[in-house]
Amino acid sequence: MDQTKNAILVVSFGTSYNDSREKTIGAIEQEIAAAFPGWSVRRAFTSRMIIQKLKERDGYHVDTIEEALDCAVKDGIQRLILQPTHLMDGNEYMKVAEMADAWQTKFECLAIGVPLLYSESDIQSVIQVITEDTKSFNDGQTAICLMGHGSDADANVIYSDFQQKLRETSHRNYYIGTVEADPTLEQLLEQVQSGGNYEKVLLQPLMVVAGDHANNDMAGEEDDSWKSTFEKAGYDVTCIIKGLGELAGIRRIYVRHVEDCIESCLNEH
C-alpha cells in the first residue's frame, strides 16, 4: 500500500491536558499506525475551543476536521478512512459523519469508522477490558463507579445499555453515571446506596481521555465534585484519573473498526 495515497484521519474531540492526550489519543494513533503500515495516520480535533487553547497556550497546531480533509485533498490522498475516537454516535460523532458525507466525492474512497461503543460485541469487549483493569477493586466492599460524559442525543441510551450488560454479566459492583445527562450523579449515588453495603467507592472515567471532567468534576476538591459527594455520603473514595485510551484492549477495538473500513474501501474499488 502506498502511504502517499492512503491515509487514516483519527478524529478526536481533543483535550488541553497534554500528558493525557499523548497517553490516550496519541497511543490510539500509534497503535493504528503500527497495524496499518501502508497508511499514513493524521490527527484532527472537533473542539475548536481546545484547538484555540492549544494554539494560544502552547503554540501547538491541530487541524480542524475541515482543515484535515482539505489537506488530504491537496496531498493527493485517494483513500481516506475517518476513525473517530468518540465513545458513541452522539452529537460530536454525527458532525463527523455529516462532514464525511459532504466530502465523499473528493476521494476515490472515503469511509468513516464506527465509535467505540457501537455494537453488542463492542460493549462486551469494553466491559471485559474495564472489569479486568479494575478487578483488584472488585472486592464486594467497593462500588466501582464509571463517569461517562453524557449527551442530549438519543445515543445517551448507551449508558443504560452498558449498565444492563454489566448486570447481566454479574458485574454487580459496577455503576455508571454521567456528567451532563442521565444517569446523574444523584441517581448514581442512590444506586450505590441501595446496591449493597459498600464502604468504599472507586471513581474512574468512562471517557477516552482523562481531561477536565475527570480532573475536576470527578476528582476535584469542590463541594459538588463526585469525590466530595461520595465522601459526604460516608464512603472512602479512591480516584483513578485514567482515560480509556490508556488501555490496550480499548485501542485494539479502534484498530478493529479501522480494519473494517479499510476492507470495505478496498472491496469497493
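1. Buried, in this note, means under 20% relative accessible area. Strand β6, residues 174-178, fits that description well: 5 of its 5 residues are buried. Note that this is a predicted model.

2. Which residues lie on each side of β6? Tyr-174, Ile-176 and Thr-178 are on one side. Tyr-175 and Gly-177 are on the other. Both faces are covered, and the residues named on them are all buried.

3. Next, the pairing of β6. Strand β5, residues 142-148, pairs with β6 in the parallel sense. The two share 5 bridges. One bridge joins Ile-144 to Tyr-174 of β6.

4. Now the nonpolar interior. The largest nonpolar core holds 47 residues. Ile-8, Ile-81, Phe-162 and Leu-206 touch the most other members. Which helix gives the most to this core? Helix α11, residues 248-268, does, with 8 residues. Another core lies apart from it and has 18 residues. Met-207, Trp-226, Phe-230 and Val-237 are among them.

5. Leu-206 deserves a look of its own. Neighbours within four places in sequence are left aside here. Leu-206 is in contact with Ile-176 of the chain, and also with Leu-87, Ile-130, Leu-146 and Met-147. Its list also includes Gly-148, Tyr-159, Phe-162 and Leu-244.

6. Leu-87 sits in the loop between β3 (79-84) and α5. Is Leu-87 buried or exposed? Its relative accessible area is 11%, so Leu-87 counts as buried, the cut-off being under 20%. Residues up to four places away in sequence not counted, Leu-87 touches Pro-115, Leu-116, Leu-117 and Tyr-159. Leu-206, Val-208 and Leu-244 are also touched by Leu-87. Along the chain, Leu-87 and Ala-155 are 68 residues apart. Their C-alpha atoms are separated by 9.9 Å.

7. Last, the open space. How much space lies in the largest pocket? About 910 Å³. Its lining has 32 residues. Phe-13, Gly-14, His-149, Met-207 and His-213 lie nearest the centre. Met-207 is also a member of the 18-residue core.

8. What is the lining of the largest pocket made of, by class? It has 13 nonpolar, 14 polar and 5 charged residues. Helices α3 (48-58), α5 (91-103) and α9 (212-218) each supply at least two residues of this lining.

Key
Residues numbered from 1 in each chain as written. Predicted model: local features only at pLDDT ≥ 70, side-chain atom pairs only at ≥ 80, totals over all residues. Heavy atoms only, no water. Core = buried A, V, L, I, M, F, W, Y, C linked by side-chain atoms within 4.5 Å. Buried < 20%, exposed > 50% of the residue type's maximum accessible area, 1.4 Å probe, protein only. Helix = DSSP H or I, 4+ residues; strand = E, 2+ residues; numbered from the N terminus. Contact = heavy atoms within 4.5 Å. 1 Å grid on protein atoms, 1.4 Å probe; cavity = no way out; pocket = protein on both sides within 12 Å on 5 of 7 lines; lining within 4 Å. Points joined across faces, edges and corners; volume = space filled by probe spheres on them. Nonpolar A, V, L, I, M, F, W, Y, C, P; charged D, E, K, R; others polar. Pairing = 2+ DSSP bridges.
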